[in-house]
Amino acid sequence: EGVFANAYGKPIALGPNPPKLALNRWSNDPKYAMEPETLAWVAGLTPNKIFYDIGASVGVYAVHAAVSGLWVTAFEPHQASYDCLKDVVERNMLGIDLVHVALSDHESSGFIGRGRSKYTFIPGWVAPGNQSVVGITLDYFVGGMMKERGYEGPHYIKLDVDGNEMQIIRGGEKTFRKAEQALIEVDPVVNPQIPGLMKDLGFSFDKKQVDACMYKEGKYKGT
């Protein structure tokens with residue numbers, strides 16, 4: 001019983017009364033729907049490699065990655081989204097490591113606030129009533145915390161945090177340099193420097209994939 005979603009043909013239990021946040025992200029509603037280009041990218045990755053989903057939200061892409069045979073670590077600081085993610089992972093007994101911290105370009109504390117479309121981490125910003133969060137760097141997580149446990153860094157990185165992408169890349173340059181592929185949401189209004197930075201880190205662009213993903217009109221035109 002309950003509500004089920006689908007990940008590459010595998011039924012994913014969302015529970016008997018999933019919150020609206022989870023229902024929206026797993027729905028076919030164009031306003032919230034999963035990005036087909038991202039799903040196609042995840043499906044084409046080599047199984048048994050390490051996948052980091054930074055800005056995992058309720059876990060749509062992290063779950064798809066796990067179902068496709070990747071070793072997944074999902075980062076999500078927003079409490080309500082993390083709770084949905086944790087519930088889906090536990091309910092479906094998925095091998096996804098969950099990390100409930102924010103990432104940035106330095107160790108800091110801050111708050112979760114609204115980005116252009118979703119929630120994002122704002123270091124040092126204070127707003128009464130908003131969720132407070134601890135922020136660390138990706139390089140610290142990989143080179144410190146994970147190295148101590150004998151784990152290596154990711155082969156693949158999906159990064160979509162609604163505004164703080166540039167800071168996360170800056171704080172994870174060593175990790176990105178060692179990755180094989182990265183899929184990053186680039187907002188030309190907020191982070192126009194990202195393509196140049198990624199090139200400096202040794203990446204090239206799949207123009208066909210970028211053109212297919214880009215919003216052609218509306219509020220997010222060019223993203």
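1. In which sense do strand 10 and strand 11 pair, and over how many bridges? In this predicted model, strand 10, which spans residues 156-159, and strand 11 pair in the parallel sense, with four bridges between them. Within this pairing, L159 is found opposite I184 of strand 11.

2. The wider setting is an open sheet of five strands, with parallel pairing and the order 5-4-3-10-11. Strand 5 (96-99) and strand 11 (181-184) occupy the edges, and each has a single partner strand, so one side of each is left without a neighbour in the sheet. From one strand to the next, the twist averages 15°.

3. Helix 2, residues 36-43, packs on this sheet and touches strand 3 (50-54), strand 10 and strand 11, while the direction of helix 2 makes about 165° with that of strand 11.

4. Helix 2 also deserves a look residue by residue. Its buried residues are T38, L39, W41 and V42; seen down the axis of the helix, they fall within an arc of 160°, so they line one face of helix 2. On the other side of the helix, P36 and A40 are exposed. The packing partners of the buried residues are strand 3, helix 3 (60-67), strand 10 and strand 11.

5. Aromatic contacts come next, and the structure holds four aromatic pairs. One of them is formed by W41 and F51, a tilted pair with 5.9 Å from centre to centre and 50° between the planes. Because W41 lies in helix 2 and F51 in strand 3, this pair ties together parts that are ten residues apart in sequence. W41 has a relative accessibility of 13% and therefore counts as buried, and F51, with a relative accessible area of 0%, is buried as well.

6. How is the pair of F75 and F141 arranged, given ring centres 5.0 Å apart and planes at 75°? Since pairs with planes over 60 degrees apart count as edge-to-face, the pair of F75 and F141 is edge-to-face. F75 belongs to strand 4 (residues 71-75) and F141 to helix 5 (residues 138-148), so the pair ties together parts that are 66 residues apart in sequence. Both F75 and F141 are buried, and together with Y52 they form one aromatic cluster.

7. A separate pairing involves strand 1 (residues 3-7) and strand 2 (residues 10-15), which pair in the antiparallel sense over five bridges. F4 has A13 in strand 2 as its bridge partner. Strand 1 and strand 2 form a hairpin that leaves two residues between them, and in the turn Y8 has a positive phi of about 50°.

8. For the protein as a whole, the secondary structure comes to nine helices and eleven strands, and 45% of the 223 residues count as buried. Among contacts with a separation of 6 or more, 59% are accounted for by residues 24 or more positions apart. The accessible surface comes to about 11,600 Å², and carbon and sulfur atoms contribute 53% of this surface.

Methods: Residues numbered from 1 in each chain as written. Predicted model: local features only at pLDDT ≥ 70, side-chain atom pairs only at ≥ 80, totals over all residues. Heavy atoms only, no water. Pairing = 2+ DSSP bridges. Axes fitted to C-alpha atoms, helices over the stretch in contact; angles between N-to-C directions. Contact = heavy atoms within 4.5 Å. Phe/Tyr/Trp six-rings, centres within 6.5 Å; stacked < 30°, edge-to-face > 60°. Buried < 20%, exposed > 50% of the residue type's maximum accessible area, 1.4 Å probe, protein only. Areas by Shrake-Rupley, 256 points an atom, 1.4 Å probe, with all protein chains shown as cover. Arc of directions from axis to C-beta.
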